[in-house]
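Here is a short briefing for a reader who is new to this structure. Please look over the sequence and the model before reading on.

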Amino acid sequence: MKYLVADFEIDTTQFQITFGTTAISVEPKVFDLLVYLIENRGRLVTRDELFDKIWAGREVSDTTLSNHVKSARKALGDNGDLQQVIKTVRGRGYQFIAEVLELPSANHAQNQPSVALNKLGRLPKLAFVFIALMLLVIAFWWPTGTTQLDVESDTRPYILVVPFSVSGGDREKWQPFADQITREVILKLRQISGLRVIPASSAFTFKHNKSPEYIRKRLPEVDYLLDARVSVDVSQSIQITTELESLIKDDLIWNDHYRSRIDNTNFFSVQTDIAASVSDTLKVVILAKEQSALSELPTTNLKAYELYVAGQKQLNLLTYDSLKRSIELFSQAIKLDPHFEAAYVAKADAFRIIMSYFEKPVEVLPDVVDSVLAALEIRPDSAEALSSLGLAYVFAWRWEDAWKVLNAARKEDPNLALTEVGFALYYSGIGDVEGVYRSLEKANQLDPLNIELADWGHWALAMIGENSAAIQWAKNQIQLHPEVGLIYSGASVSASIAGDHKRAISLAQKGVLLDSGSAYSLLALAQTYGHAGELDKIPPLLMQAQSAGSYLCPYETAITYLLLNQTDKAFELFNEAIAYRSNCLVFTRFDPRLNHIKSDPRYLALLTRVGLDDGAVRQYSR
């Protein structure tokens, strides 16, 4: 059978798509998906059905399906914004909506004229010109800021670098050092444009399980696994033994040994050599400007680097005390080397996380800004610094500043997931549903196991009314991060909104258990009881949260008082949230938990103060 869609011919016998005399190249699964949607164009095709029919039930990710649909659209001159060929039905599936003409077989065509071809012959030449131009635009100008990544057609080798282990010696002493070597190698590899490399935030989730089977299950699209063993002897000599494994062929394709000394800055060349060897093994050319970037040293002061390594260890523990300690260590490193840009960026990240979860944002935002500005003085094009600041500005509902800084970060490096998290929350705040989906999809492709993305992605969806998608997002993230309490507590909110009170309470209880009774986890549990009508359980939990000794978000506390029908108290807390510049206020305009107070004049005044009133939102960029 042949199908004609506009001027594209899909030939199911030759397994090809043509536009006039030009063949359109697509992957086999993309072709199969496209034909299946055409054959079933009279109805909605669910995502589960596509998994079953196209992949025969083999476990693949939602991202894989989304990217196949993206490629199918692109092949026929469509995209996710236009949706003139394949329509997305959020939370359900897809439907082929373009007009389709079935062409007769070759034998039948010899005996009678083709109505379809007669129609084609009458199409004005201008239509051909227009479609040709559209194809050129799609091929050569595909805006990275407003579309999903085309992972399916990205043929670059995809690499996961797992945390290097310590062999022999004092493992507790040298493991933070090995961890930082891992981060440096990841950073070097990510500077090579011919490679795709999983960021450190996702890579370190494999620290305690590096088996290929486990990795394939969580990251099925990854091609190669890079691991290493690090040993340091008493004379400060270091040996790094590396192995690069193909996850597709299940074999070792490269290994090597590198020796240096950790009391000499020549040590930094080892990470560069590893990156270059991996690139050479995979036959990827390193561009001249990339060679220059690979040779850059993080610092020339080894004591500053030692403090920076210790700070990174504390930063990645993600507790309030460890974050404060990391800031002290980064500050000491900066004192020894005032030009240590990576230390300023790490310090900004630590302040931003404290601002998001642990302290009054209004008191911490200036520290984030100061750290970022210091990093930018050293390297004005630091995408990492801009990304951290842009996300902080979103949290502080400085909408116009956030938009400018996030776009600047994306321009310098379009491959930072943190930037896309910032955009997702920005779009959620101003009510751009498609923008939320686009940014989360891109962030998920860039850094699929990032914990900040796991948490805030759920909130971005739930707080804009996409509750079914939020529930599914949370389920997926809980499978990926089964020991992260924040995700369970957040998931309880969307479960309560859906009326699934038993599950919501269970999720919130798990969050309390994993987070050792943090103030937020207790508030989340109190809210689940409130939604379930068990109001008598709220006051004791409020008292526990208030005495937990950690920052108590006034916005979420206000939500809890609304469930007790104490509206005046809730608005007192909303005003306190404004004074604190609470990050949750970014959701004020569309938070479904506020629906019953949206006619209250105090709510409208609240929107104005947060910059989310009708007049302000109309002026914001999208």
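Leu4 of strand E1 has a bridge partner in strand E8, namely Leu101. E1 covers residues 2–5, and E8 covers residues 101–103. Three bridges hold this antiparallel pair together. The model is a predicted one.

**Strands E1, E2 and E8**

- E1 also pairs with strand E2, residues 8–11. The two run antiparallel, and four bridges join them.
- Val5 faces Phe8 across this pair, with Phe8 lying in E2.
- E1 and E2 make a hairpin, and two residues lie between them.
- Ala6 sits in that turn and has a positive phi of about 55 degrees.

**The protein as a whole**

- The fold contains 29 helices and 14 strands.
- Its radius of gyration is 27 Å, and the globule rule gives 25 Å for 622 residues. These values are close, so the protein is as compact as a globular protein of that length.
- The C-alpha trace spans about 85 × 70 × 40 Å along the principal axes.
- Buried residues make up 54% of the 622 in the protein.
- Consider the contacts with a sequence separation of 6 or more: 62% of them link residues 24 or more positions apart.
- The exposed area comes to about 27,500 Å². Carbon and sulfur atoms supply 52% of that area.
- The protein carries 63 positive and 75 negative charges. The mean positions of the two sets are 2 Å apart.

**Strand E12 and its partners**

- Strand E12 spans residues 224–232 and runs parallel to strand E9, residues 158–161. Three bridges join E9 and E12.
- Val161 is bridged to Leu226 of E12.
- Strand E10, residues 165–166, also runs parallel to E12, with two bridges between them.
- Ser165 has Arg229 of E12 as its bridge partner.
- Strand E13, residues 237–246, pairs with E12 in the antiparallel sense. Nine bridges connect E12 and E13.
- Arg229 stands opposite Thr241 of E13. Arg229 is thus placed between two bridge partners, Ser165 and Thr241.
- E12 and E13 form a hairpin with four residues between the strands. In this hairpin, Gln236 takes a positive phi near 75 degrees.

**The open sheet of E5, E7 and E6**

- Three strands form an open sheet in the order E5-E7-E6. Their pairing is antiparallel.
- Which strands stand at the edges? They are E5 (45–46) and E6 (86–89).
- Each edge strand has a single partner strand, so one side of each is left without a neighbour in the sheet.
- E5 is joined to E7, residues 93–96, by two bridges, and the two strands run antiparallel.
- Thr46 is bridged to Gly93 of E7.
- Strands of a sheet pair through backbone hydrogen bonds, in either a parallel or an antiparallel sense.

**Ser356 in helix H14**

- Ser356 belongs to helix H14, which runs over residues 341–357.
- Is Ser356 buried or exposed? Its relative accessible area is 7%, so Ser356 counts as buried. The cut-off for buried is under 20%.
- Leaving out residues up to four places away in sequence, Ser356 touches Phe395, Trp456 and Asn583.

**Two loop residues with positive phi**

- Lys283 is a residue other than glycine, yet its phi is positive, near 55 degrees.
- Lys283 lies in the loop between helix H10 (268–281) and helix H11 (288–294).
- The relative accessibility of Lys283 is 74%, so Lys283 counts as exposed. The cut-off for exposed is over 50%.
- Arg581 is not a glycine either, and its positive phi is about 55 degrees.
- Arg581 is found in the loop between helix H27 (567–580) and helix H28 (601–610).
- How exposed is Arg581, and what is its relative accessible area? Arg581 is partly exposed, at 25%.

Definitions and conventions: Residues are numbered from 1 along each chain as its sequence is written. This is a predicted model: local features need pLDDT of at least 70, side-chain atom pairs count only at pLDDT 80 or more; totals for chains, interfaces and linings use all residues. Side-chain values use heavy atoms; hydrogens and water are left out. The radius of gyration is taken over C-alpha atoms; the globule rule is 2.2 Å times the number of residues to the power 0.38. Buried means under 20% relative accessible area, exposed over 50%, partly exposed in between (1.4 Å probe, protein chains only). Contact means heavy atoms within 4.5 Å. Accessible areas come from the Shrake-Rupley method with a 1.4 Å probe; for residues, only the protein chains shown count as cover. Lys and Arg count as positive and Asp and Glu as negative; His and the chain ends are not counted. The place of a charge is taken as NZ of Lys, CZ of Arg, CG of Asp or CD of Glu. Two strands pair if DSSP finds at least two bridges between them.
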